[in-house]
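Please look over the chain shown here. This report works through its charged pairs, its cores and its loops.

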Amino acid sequence: MKISFAANISRFIMLSSMLVLLAGCSFLLPSKETQKNDQWHSFDQVQTLYEKITPDKTTVVQLKQLGFDPYVENNVKIESYLDTRTRFDPFSTGKNIPPTVEKCLKKFDRCYAYVVDVSYDYEKRVGNAFLDLTGFRKEILTTGWSFQAVFVIEEDTVVYKLWSGQPNKKAYVDEIRPLGPLQSLDDFITGPSVGF
């Protein structure tokens, strides 16, 4: 059965229209969201709560009321005094340990820590949708934040606190594959390289 010239032209126009549409439709590209917490939605929010904690004054009950509760919230863990000692003195030198932490560690199992590790990452594919979906070029923009804190607790009172974090994380990856989908076929044919 012969396909008419007009049918070929209409298919060509339809295919060309789809390619043009895909080239400009970045909303068709996938995105990925990763949260390492359920409670805090911004760096500023968790840091504001952290600032409300005062060493030698804030109790464990108050710490939990502020949301730093390992039995309720995700990504808040309890460290034993052994873990805490390793955190502050990984080579067992006995040096550079804050005095309040050193005093706490001498009480052994009455000394422990709450460790908070929360983060948010949003990964979005940007750029030309046609090149992305056909495997020729992938442009990925990642944004987010992270916050870590350690609260050293002696019996039922916070005696030391320390935080670190990254208020604004941003990364851009531009992966160009000149052979498009054939690039992965090339990897399949040649196989992984093994070195000794």
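## A charged pair between two strands

Asp-121 is partly exposed, with a relative accessible area of 23%. The model behind this value is predicted. Asp-121 forms a salt bridge with Lys-169, and the closest N and O atoms are 3.1 Å apart. Asp-121 lies in strand E3 and Lys-169 in strand E5, so the pair ties together parts that are 48 residues apart in sequence.

## Other salt bridges

The whole structure holds nine salt bridges. One of them joins Arg-110 and Glu-155, with 2.8 Å between the closest N and O atoms. This pair links distant parts of the chain, 45 residues apart. Arg-110 sits in the loop between H5 and E3, and Glu-155 sits in the loop between E4 and strand E5 (157-176). Arg-110 counts as partly exposed because its relative accessibility is 44%. Glu-155 is partly exposed too, with a relative accessible area of 38%.

Glu-139 and Arg-137 also meet through their side chains, at 3.8 Å from N to O. Is Glu-139 buried or exposed? Glu-139 has 14% relative accessibility, so it counts as buried. Its partner Arg-137 has 30% and counts as partly exposed. Elsewhere, a network of salt bridges links Lys-77, Glu-79 and Arg-87.

## Overall layout

The chain has 196 residues, and 30% of them count as buried. Seven helices and five strands make up its elements. Read from the N terminus, their order is α-β-α-α-β-α-α-β-α-β-β-α.

Take contacts between residues at least 6 apart in sequence: 72% of them join residues at least 24 apart. The chain exposes about 13,000 Å². Carbon and sulfur atoms supply 59% of that area.

## The nonpolar cores

The largest nonpolar core has 21 residues. Which of them touch the most other members? They are Trp-40, Leu-63, Phe-68, Tyr-114, Val-116, Phe-147 and Phe-151. Four elements give two or more residues each to this core: helix H2 (43-51), helix H3 (60-65), strand E3 (111-126) and strand E4 (137-154). E4 supplies the largest share, five residues.

Val-116 shows how these parts meet. Leaving out residues up to four places away in sequence, Val-116 touches Trp-40, Phe-68, Asn-75, Val-76, Phe-147, Gln-148, Ala-149 and Phe-151. Another core, of 12 residues, lies apart from the largest one. Its members include Val-101, Cys-111, Val-159 and Tyr-160.

## The disulfide

How many disulfides does a search of the whole structure find? The search finds one. It joins Cys-104 to Cys-111, with the sulfur atoms 2.1 Å apart. The link is right-handed, with 115° about the S-S bond.

Cys-104 has 0% relative accessibility, so it counts as buried. Cys-111 is buried as well, with a relative accessible area of 1%. Cys-111 is also among the members of the 12-residue core.

## The loop between H3 and E2

Asp-69 is found in the loop between H3 and E2. Asp-69 is buried yet has no salt bridge. The nearest side chain of opposite charge belongs to Lys-64, 4.5 Å away. A salt bridge needs a nitrogen-to-oxygen distance within 4 Å. Leaving out residues up to four places away in sequence, Asp-69 touches Lys-64 and Val-76.

Tyr-71 is in the loop between H3 and strand E2 (76-79). Tyr-71 counts as exposed because its relative accessibility is 64%. With residues up to four places away again left out, Tyr-71 touches Lys-64, Ile-78 and Tyr-114. Tyr-114 is one of the best-connected members of the largest core, by number of other members touched.

## Positive phi angles

Asn-96 has a phi near 60°, a positive value in a residue other than glycine. Its place is the loop between helix H4 (81-88) and helix H5 (99-105). Asn-96 is exposed, with a relative accessible area of 76%.

Phe-108 has a positive phi too, near 50°, and is likewise a residue other than glycine. Phe-108 is in the loop between H5 and E3. At 48% relative accessibility, Phe-108 counts as partly exposed.

Methods: Residues numbered from 1 in each chain as written. Predicted model: local features only at pLDDT ≥ 70, side-chain atom pairs only at ≥ 80, totals over all residues. Heavy atoms only, no water. Core = buried A, V, L, I, M, F, W, Y, C linked by side-chain atoms within 4.5 Å. Buried < 20%, exposed > 50% of the residue type's maximum accessible area, 1.4 Å probe, protein only. Contact = heavy atoms within 4.5 Å. Areas by Shrake-Rupley, 256 points an atom, 1.4 Å probe, with all protein chains shown as cover. Disulfide = S-S within 2.5 Å. Lys, Arg positive; Asp, Glu negative; His and termini not counted.
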